[in-house]
Amino acid sequence: MAKVSAVLVTYNRLPMLKEAIAALQAVEPKLSHLIVIDNKSEQDTQDYLESLGDSITYVRMSENLGGAGGFNAGIRYFYEQTDDDYVWVMDDDTMVHPDSLQPLTAFAEQNPNFGFLASKVMFSDGKPSVRNVLRQYGTYKTTLNTEFKEPVRIENATFVSSFFSRDIVRQIGLPITEFFIWIDDLEYTERAGRIAPGYLVPASSVTHKMRSNTEDDITNDIERRLPWYFNMYRNRVYTMRKRDFFRHMRGNGKIAWDFLRLIFVRTDHKKKRFDTMISGIKAGRKFKPTIEFPKDK
């Protein structure tokens, strides 16, 4: 039977973290390792995770390296410290179901030539999660989560239940820590997809327990979150540079649409929003982050 490590990255969301860990401990087949990467949360999170003892593998970071740094550390730990066959990655607001894992392992065993697998992601009310609607490969068509009943090839996926083989990690390396937040998952799954196809496996379903079923949007997000959009646009432009011509131009169109909406929408701190977007775009054109590779045993 295949052995699976789950990597869960957390930062100061203890009630949600408790729920996410309990859900992972209830999956079938059982996980070989549950690796929890703590981005230096407050003391209450540390105390709780330490209280779980050997039921999890607890890795506390010396500083908050964002989701990207957390997934870098978690996938590195899977590769260097375990002998497991697959790694299943997610944020602490991903709530798996008892039967979420089995379809992924079954697909992987029957179709070993894959770059990544992704679950169907739903919001708490049972509707498709808008942040996790993916695009069917080679088409304009998005994979509205209720539409596909059989596995379908997709362009990329988010770290809300993504699944990789040990061999793929060996070939493509680790998520880019320098991204810090946003687009790290799209970049990583696209990197995997250049080695072998990636698939949505709709029989595997998880719940994304977000505050609201909306996309992150620079035109209406609150002021304290605006600096994060520098990372979004920098990382997006870098990722677009690696794509083919058609997908590169489509990405440019998405950025142009964001820019136009910001011109015409009524919002506060408009100059700050424009400055953040423009500085991120400029940085992305010159961004040359390091791709790290884990060490073989």
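A residue counts as buried when its relative accessible area is under 20%, as exposed when that value is over 50%, and as partly exposed in between. The exercises below apply this rule and others to a predicted model.

**Exercise 1. Classify Lys-30 and its salt-bridge partner Glu-28 by accessibility.**

Step 1. The relative accessibility of Lys-30 is 51%. The cut-off for the exposed class is over 50%, so Lys-30 counts as exposed.

Step 2. For Glu-28 the relative accessible area is 44%, and this residue is partly exposed.

Step 3. The side chains of these two residues, Glu-28 and Lys-30, meet in a salt bridge with an N to O distance of 3.5 Å.

**Exercise 2. Describe the salt bridge between Arg-247 and Glu-190, and state whether each residue is buried or exposed.**

Step 1. A salt bridge requires a side-chain nitrogen of Lys or Arg within 4 Å of a carboxyl oxygen of Asp or Glu. The side chains of Arg-247 and Glu-190 meet at 3.1 Å, N to O.

Step 2. Arg-247 belongs to helix H8 and Glu-190 to helix H6, so this pair ties together parts that are 57 residues apart in sequence.

Step 3. Arg-247 has a relative accessible area of 12% and is buried. Glu-190 is also buried, with a value of 3%.

**Exercise 3. Analyse the salt bridge between Asp-258 and Arg-261, then place Arg-247 in its network of salt bridges.**

Step 1. The side chains of Asp-258 and Arg-261 meet at 3.1 Å, N to O.

Step 2. Both residues, Asp-258 and Arg-261, lie in helix H8, 3 residues apart, which is about one turn of the helix.

Step 3. Asp-258 counts as buried at 2% relative accessibility, whereas Arg-261 is partly exposed at 24%.

Step 4. Salt bridges that share partners join Arg-247 with Glu-155, Glu-190, Arg-243 and Arg-250 into one network. The count of salt bridges in the model comes to 23.

**Exercise 4. Determine which strands pair with strand E11, and in which sense.**

Step 1. Strand E5 (residues 94–96) runs antiparallel to E11, and 3 bridges join them. Within this pairing, Met-95 has Thr-207 of E11 as its bridge partner.

Step 2. Strand E6 (residues 116–123) runs parallel to E11, joined to it by 8 bridges. Here Leu-117 stands opposite Tyr-199 in E11.

Step 3. E9 pairs with E11 in the antiparallel sense over 3 bridges. The bridge partner of Ile-154 is Gly-198 in E11.

Step 4. Strand E11 covers residues 198–208, and 9 of its 11 residues are buried, so the strand is largely enclosed by the rest of the structure.

**Exercise 5. Describe the second largest pocket: its space, its lining and the character of its residues.**

Step 1. Rolling a probe the size of a water molecule over the atoms shows where empty space is left. In the second largest pocket, about 250 Å³ of space is found.

Step 2. Its lining consists of 18 residues; those nearest the centre of the pocket are Tyr-137, Glu-155, Arg-194, Asp-244 and Arg-247.

Step 3. At least two lining residues come from each of strand E9 (152–154), helix H6 (184–193) and helix H8 (245–264). H8 gives the most, with 3 residues.

Step 4. The lining of this pocket comprises 9 charged, 5 nonpolar and 4 polar residues.

How values were computed. Residues are numbered from 1 along each chain as its sequence is written. This is a predicted model: local features need pLDDT of at least 70, side-chain atom pairs count only at pLDDT 80 or more; totals for chains, interfaces and linings use all residues. Side-chain values use heavy atoms; hydrogens and water are left out. On a 1 Å grid over the protein atoms alone, a cavity is a set of points where a 1.4 Å probe fits but cannot get out, and a pocket is an open set with protein on both sides within 12 Å along at least five of seven lines; lining residues have an atom within 4 Å of a point. Grid points are joined across faces, edges and corners, and a volume is the space filled by probe spheres set on the points. Helices (H or I, at least four residues) and strands (E, at least two) are DSSP runs, numbered from the N terminus. Ala, Val, Leu, Ile, Met, Phe, Trp, Tyr, Cys and Pro count as nonpolar, Asp, Glu, Lys and Arg as charged, and the others, Gly among them, as polar. Buried means under 20% relative accessible area, exposed over 50%, partly exposed in between (1.4 Å probe, protein chains only). Two strands pair if DSSP finds at least two bridges between them.
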